[in-house]
Amino acid sequence: MQSDVAEFPRLAHEFTQGTLFCRVVGRKDQRGSLSLRLTISGEVGLTCQRCLGSMPYTVELERTLYLARNEAELERLDALPDSDAIQAGETLSLVEMVEDEVLLSLPLAAMHAEGECPDTGVHEIFKE
Ligand SMILES: [Zn+2]
């Protein structure tokens, strides 16, 4: 699945442009737990917090989302590293899932490297 960031309502606010590639693979482990392997990659444009210009940012992440069948399983699965668990039966929105993961992976304040903002005139204002 290849999507323009404009197709993700919450990401469209964050990114000035870009394309994300999403791949979702479902599988079942030995204990019978269902999980979704989520791979998201792409090049997007973030707004630099210093000069408010666009800066390129590479998204590259992999997450596993477990679908728990009950509370106990939910707790066990949620404790695993690098994974999230939701209770099966909850409405699963792939778009929201991808949005959550991408938003969590973003730097808190995206900025060009020191002195590399294309317009240094604007830069001065933010120094005060
Ligand atoms: Zn900048």
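Helices (H or I, at least four residues) and strands (E, at least two) are DSSP runs, numbered from the N terminus. This is a predicted model, in which local features need pLDDT of at least 70, side-chain atom pairs count only at pLDDT 80 or more, and totals for chains, interfaces and linings use all residues. Residues are numbered from 1 along each chain as its sequence is written.

**View 1. The whole chain has 4 helices and 5 strands.** Along the sequence, these elements follow the order β-α-β-β-β-α-β-α-α. Of the 128 residues, 18% are buried (20 or more other C-beta atoms within 10 Å of the residue's own; exposed means 12 or fewer, partly exposed in between; C-beta atoms are placed from the backbone). Two residues are in contact if their C-beta atoms, placed from the backbone, lie within 7 Å. Among contacts between residues at least 6 apart in sequence, 52% join residues at least 24 apart.

**View 2. Strands β2 and β3 pair in the antiparallel sense.** Two strands pair if DSSP finds at least two bridges between them. β2 covers residues 15-28, and 13 bridges link this strand to β3. Phe21 faces Ser41 of β3 across the pairing. The two strands form a hairpin with 5 residues between them. Gly32 in this hairpin takes a positive phi near 85°.

**View 3. Strands β3 and β4 run antiparallel.** β4 spans residues 54-68 and is joined to β3 by 14 bridges. Ile40 stands opposite Leu61 in β4. The hairpin of β3 and β4 has 6 residues between the strands. In its turn, Leu52 has a positive phi of about 60°.

**View 4. Leu38 sits in strand β3.** This strand runs over residues 34-47. Leu38 counts as partly exposed because it has 19 C-beta neighbours inside 10 Å. Leaving aside residues up to four places away in sequence, Leu38 touches Val24, Glu62, Arg63, Leu65, Met97 and Glu101. The C-alpha atoms of Leu38 and Val25 are separated by 6.7 Å. Those two residues are 13 apart along the chain. In a regular strand, side chains alternate between the two faces of the sheet.

**View 5. Strands β4 and β5 pair in the parallel sense.** β5 covers residues 83-87, and 5 bridges join β4 to this strand. Leu65 has Asp84 in β5 as its bridge partner. Leu65 is also one of the residues that Leu38 touches.
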